[in-house]
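Colleague: I'd like to learn how to read a helix and the loops around it. Could you take me through one chain?

Modeller: Sure, here it is.

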Amino acid sequence: MPKCKYLLVSTLLTTPDRSIPDLLDPLCPTRQVVDAIGDKWTSILIIFLDLLGPTRFNELARHAQISFKVLTAVLRRLERDGFVTRTVVPTRPPAVTYALTPLGISLLPVLATVRVWAEANVPKIAEARVKHDRSAL
């Protein structure tokens with residue numbers, strides 16, 4: 001699978017010749033993964049599945065406060081990408097549970113790092129918002 005070519009230079013993503021990085025190409029595999037894990041619901045569902053363990057669909061919807069339609073779409077994508085397993089128990093009605101795979105579990109430290117960064121920077125972000133909103137008046 002091709003990798004997207006880019007360098008991290010200071011805080012800018014650039015290619016060696018300073019052209020637009022491949023990462024901006026929607027067909028770039030790295031871009032597709034970053035988009036998938038950056039989705040609003042992905043991190044929430046990964047965290048709930050970590051906290052709850054194998055979880056039934058309705059319980060996951062209730063905890064995440066997400067519509068069935070959106071939950072279905074996100075879980076299908078997470079299953080397709082290898083982050084989540086879907087297990088059907090042949091009962092009446094069938095019992096379906098979702099659980100994290102090792103790949104899904106490997107995403108937890110990344111999400112924890114983002115959470116720690118967010119918590120450390122909430123005051124700066126709040127201050128920037130106030131400053132921006134005042135200047136917009």
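Modeller: First, a bit of vocabulary: buried means under 20% relative accessible area, exposed over 50%, and partly exposed in between (1.4 Å probe, protein chains only). Helices (H or I, at least four residues) and strands (E, at least two) are DSSP runs, numbered from the N terminus. Keep in mind that this is a predicted model, where local features need pLDDT of at least 70 and side-chain atom pairs count only at pLDDT 80 or more, while totals for chains, interfaces and linings use all residues. Residues are numbered from 1 along each chain as its sequence is written, and side-chain values use heavy atoms, with hydrogens and water left out.

Colleague: Which residues of α2 are exposed?

Modeller: Lys-40 and Leu-51, on the other side of α2 from the buried set. That buried set is Trp-41, Thr-42, Leu-45, Ile-46 and Leu-49. They share one side of α2 because they cover an arc of only 130 degrees around the axis, taking the directions from the helix axis to the C-beta atoms. In general, an α-helix has 3.6 residues a turn, so residues three or four places apart point the same way.

Colleague: What span does α2 reach?

Modeller: The expected span is 1.5 Å times one less than the number of residues. For α2 (residues 40-52), with 13 residues, the first and last C-alpha are 19 Å apart, close to the expected 18 Å.

Colleague: And what happens at the ends of α2?

Modeller: At the start, a side-chain oxygen of Asp-39 comes to within 3.0 Å of the backbone nitrogen of Trp-41. Just after α2, Gly-53 has a positive phi of about 75 degrees.

Colleague: Where else is there a positive phi?

Modeller: At Gln-65, about 55 degrees, although this residue is not a glycine. Gln-65 sits in the loop between α3 (57-64) and α4 (68-80), and is exposed, with a relative accessible area of 69%.

Colleague: Which loop holds Thr-101, and is Thr-101 buried or exposed?

Modeller: Thr-101 is in the loop between β5 (95-100) and α5 (102-106). Thr-101 is buried, at 11% relative accessible area. A polar atom of the Thr-101 side chain lies 2.5 Å from the backbone oxygen of Gly-82.

Colleague: Which peptide bond is cis?

Modeller: The one from Arg-92 to Pro-93, with omega near -10 degrees. Pro-93 belongs to the loop between β4 (84-89) and β5.

Terms used: Polar contact = N/O pair within 3.5 Å; in protein donor to acceptor, adjacent residues only side chain to side chain.
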